[in-house]
Amino acid sequence: MVSVRIILKRLVLAAAGCLALVYAGDYLYLRARMLHPKEADPYESFKILRVLAIPEKNGKTEYEVDALNPEQTVTCVHSLFPHSGSSPCWYVKPRLNQPIPM
């Protein structure tokens with residue numbers, strides 16, 4: 001009879017192995033697309049306006065454009081996981097227009 005501990009250990013190892021295979025496949029697919037890059041594939045850059053959300057004492061929030069650094073360039077990668085220091089575009093795009101809380 002196999003103990004529950006051994007079964008859990010095997011399940012965790014199998015899940016880690018599957019995750020490693022998916023990450024490796026994602027990385028290899030990214031590298032293949034880097035050999036013949038297109039304009040927005042595999043990396044894409046966005047210029048966004050940095051908006052600061054400043055809380056006030058009365059509970060309201062004031063929004064201001066950052067005076068020191070009004071524009072910011074954000075680079076993302078079209079993949080499932082982050083690669084080369086860039087976050088995936090599926091994660092970055094919904095957060096582009098969110099103000100920065102102070």
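Which residue is the bridge partner of C76 in β5? Hold that thought for a moment; the answer sits inside one of two sheets, and the overall picture helps first.

## The overall picture

This is a predicted model. The protein chain contains two helices and six strands, and going along the sequence they come in the pattern α-β-β-β-β-β-α-β. So one helix opens the series, a run of strands follows, and then α2 comes in ahead of the closing strand, given that helices and strands are numbered from the N terminus.

As for overall form, the radius of gyration of the protein chain is 21 Å, whereas a compact globule of 102 residues would come in near 13 Å. Boxed along the principal axes, the C-alpha atoms take up roughly 65 × 45 × 20 Å. Buried residues account for 21% of the 102 residues.

## Surface, charge and contacts

The protein chain exposes about 8100 Å², and 63% of that comes from carbon and sulfur atoms. On the charge side, there are 12 positive and 9 negative side chains. The centres of those two sets lie 15 Å apart.

What about contacts along the sequence? Of the contacts in the protein chain with a separation of 6 or more, 52% are between residues 24 or more positions apart.

## The β1-β4-β5 sheet

Back to the opening question: the bridge partner of C76 in β5 is S87. That pair belongs to the link between β4 (71-77) and β5 (87-88), which run parallel and are joined by two bridges. V77 also takes part, with P88 as its bridge partner in β5.

On the β1 side, the pairing has the opposite sense: strand β1 (residues 43-49) and β4 are antiparallel, with seven bridges between them. One of the pairs there is L49 with E71 in β4. Put together, the three strands make an open sheet in the order β1-β4-β5, with mixed pairing. The edges are β1 and β5, each of which pairs on one side only.

## The β3-β2-β6 sheet

The other sheet is also open and also mixed, with three strands in the order β3-β2-β6. Because β3 (61-65) and β6 (100-101) each have a single partner strand, they stand at the edges, and one side of each goes without a neighbour in the sheet.

Strand β2 (residues 51-55) pairs with β6 in the parallel sense over two bridges, and L52 stands opposite I100 in β6. With β3, β2 pairs in the antiparallel sense over five bridges. A53 stands opposite Y63 there. The hairpin of β2 and β3 has five residues between the strands, and in it G59 takes a positive phi near 90 degrees.

## Where R33 and S79 meet

R33 lies in helix α1 (residues 4-35). Is R33 buried or exposed? Its relative accessible area is 13%, so it falls under the 20% cut-off and counts as buried. Leaving aside neighbours within four places in sequence, R33 is in contact with D41, P42, H78 and S79.

S79 is the natural next stop. Its place is in the loop between β4 and β5, and it is buried as well, with a relative accessible area of 10%. Setting aside neighbours within four places in sequence, S79 is in contact with D26, R33, P88 and W90. P88 is a name to recognise here, being the bridge partner of V77 in β5.

## Across the chain

Some pairs show how spread out the model is in places. The C-alpha atoms of R33 and K57 are separated by 51 Å, with their positions 24 residues apart along the chain.

N97 offers another example. This residue is found in the loop between α2 (89-92) and β6. Which way does N97 go, buried or exposed? At 73% relative accessibility, which is over the 50% cut-off, N97 counts as exposed. The C-alpha atoms of N97 and M34 are separated by 28 Å, and the two residues are 63 apart along the chain.

Terms used:
Residues numbered from 1 in each chain as written. Predicted model: local features only at pLDDT ≥ 70, side-chain atom pairs only at ≥ 80, totals over all residues. Heavy atoms only, no water. Pairing = 2+ DSSP bridges. Helix = DSSP H or I, 4+ residues; strand = E, 2+ residues; numbered from the N terminus. Rg over C-alpha atoms; globule rule 2.2 N^0.38 Å. Buried < 20%, exposed > 50% of the residue type's maximum accessible area, 1.4 Å probe, protein only. Contact = heavy atoms within 4.5 Å. Areas by Shrake-Rupley, 256 points an atom, 1.4 Å probe, with all protein chains shown as cover. Lys, Arg positive; Asp, Glu negative; His and termini not counted. Charge placed at Lys NZ, Arg CZ, Asp CG, Glu CD.
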